[in-house]
Amino acid sequence: MKKIVIPAMLAASVFAFAQTASAATAAKPMSAQQSKFAACAHKSKGMKGAAHKKFMHDCLKGKDTPAKPAPKSDKGKG
């Protein structure tokens, strides 16, 4: 009986710790850098590859560059 109780208690305590850890991180507000990154990422929606990387770099540096979505290819049509 003791062999079953100990792993069950261990599993329950790990689960309880995970719940409190996730609750603590959920209530924590984003830092200024995280907010800035989120805003830039939202503006760059639709960009891919080098264009996305360049836009994010410029946006995080504070440069005003208009977001241009990546051109859609015509592959598969026709």
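Cys-40 and Cys-59 are both buried in this predicted model. The two residues are also bonded to each other, as a disulfide joins Cys-40 to Cys-59 with an S to S distance of 2.0 Å. This pair links distant parts of the chain, with Cys-40 in helix α2, Cys-59 in helix α3 and their positions 19 residues apart in sequence. The angle about the S-S bond is -80°, which makes the link of Cys-40 and Cys-59 left-handed. For anyone counting cysteine pairs, the structure holds one disulfide. As a reminder for the bench, a disulfide is a covalent bond between the sulfur atoms of two cysteines.

It helps to place this link within the overall fold. The protein chain has three helices and zero strands, and from the N terminus on its elements run α-α-α. Helix α1 covers residues 2-27, helix α2 covers residues 32-43, and helix α3 covers residues 49-61. Of the 78 residues of the protein chain, 9% count as buried. The accessible surface of the chain comes to about 7,000 Å², and carbon and sulfur atoms account for 67% of that surface.

Confidence in the prediction varies along the chain. The mean pLDDT of the protein chain is 76, and 49% of the residues score at least 70. Among the elements, helix α3 has the highest mean pLDDT, at 95, whereas helix α1 has the lowest, at 60. Where pLDDT is low, the predicted coordinates should not be read in detail. The residues described below belong to helix α2, helix α3 or the loop between them, including Lys-43 in α2, Ser-44 in the loop and Phe-55 in α3.

Several residues show how α2 and α3 are placed relative to each other. Lys-36 lies in helix α2 and touches Cys-59 and Leu-60, leaving aside residues up to four places away in sequence. Lys-36 and Leu-60 are 24 residues apart in sequence, yet their C-alpha atoms are 6.9 Å apart in space. Lys-36 is classed as partly exposed because its relative accessible area is 35%. Further along helix α2 comes Lys-43, which counts as exposed because its relative accessible area is 53%. The C-alpha atoms of Lys-43 and Cys-59 are 9.1 Å apart, with their positions 16 residues apart in sequence. A second partner for comparison is Phe-55, which is 12 residues from Lys-43 in sequence and 9.2 Å from it in space, C-alpha to C-alpha. Phe-55 itself is found in helix α3, and its relative accessibility of 4% is why it counts as buried.

The loop between α2 and α3 contributes Ser-44. With a relative accessible area of 2%, Ser-44 falls under the 20% limit and is therefore buried. When residues up to four places away in sequence are set aside, Ser-44 touches His-52, Phe-55 and Met-56. With one of these, His-52, the side chain of Ser-44 also makes a side-chain polar contact of 3.3 Å.

A charged pair completes the picture of helix α3. Which side chain meets that of Asp-58 in a salt bridge? The partner is Lys-54, with an N to O distance of 2.9 Å. The same side chains are also listed as making a polar contact of 2.9 Å. By the rule used here, the count comes to one salt bridge. Asp-58 and Lys-54 are four residues apart in helix α3, so about one helical turn separates them. Side chains of opposite charge can pair when their charged atoms come close. The two partners differ in exposure: Asp-58 counts as buried because its relative accessibility is 5%, whereas Lys-54 counts as exposed because its relative accessibility is 52%.

Conventions:
Residues numbered from 1 in each chain as written. Predicted model: local features only at pLDDT ≥ 70, side-chain atom pairs only at ≥ 80, totals over all residues. Heavy atoms only, no water. Salt bridge = Lys/Arg side-chain N within 4 Å of Asp/Glu carboxyl O. Helix = DSSP H or I, 4+ residues; strand = E, 2+ residues; numbered from the N terminus. Buried < 20%, exposed > 50% of the residue type's maximum accessible area, 1.4 Å probe, protein only. Polar contact = N/O pair within 3.5 Å; in protein donor to acceptor, adjacent residues only side chain to side chain. Contact = heavy atoms within 4.5 Å. Disulfide = S-S within 2.5 Å. pLDDT = per-residue confidence, 0-100. Areas by Shrake-Rupley, 256 points an atom, 1.4 Å probe, with all protein chains shown as cover.
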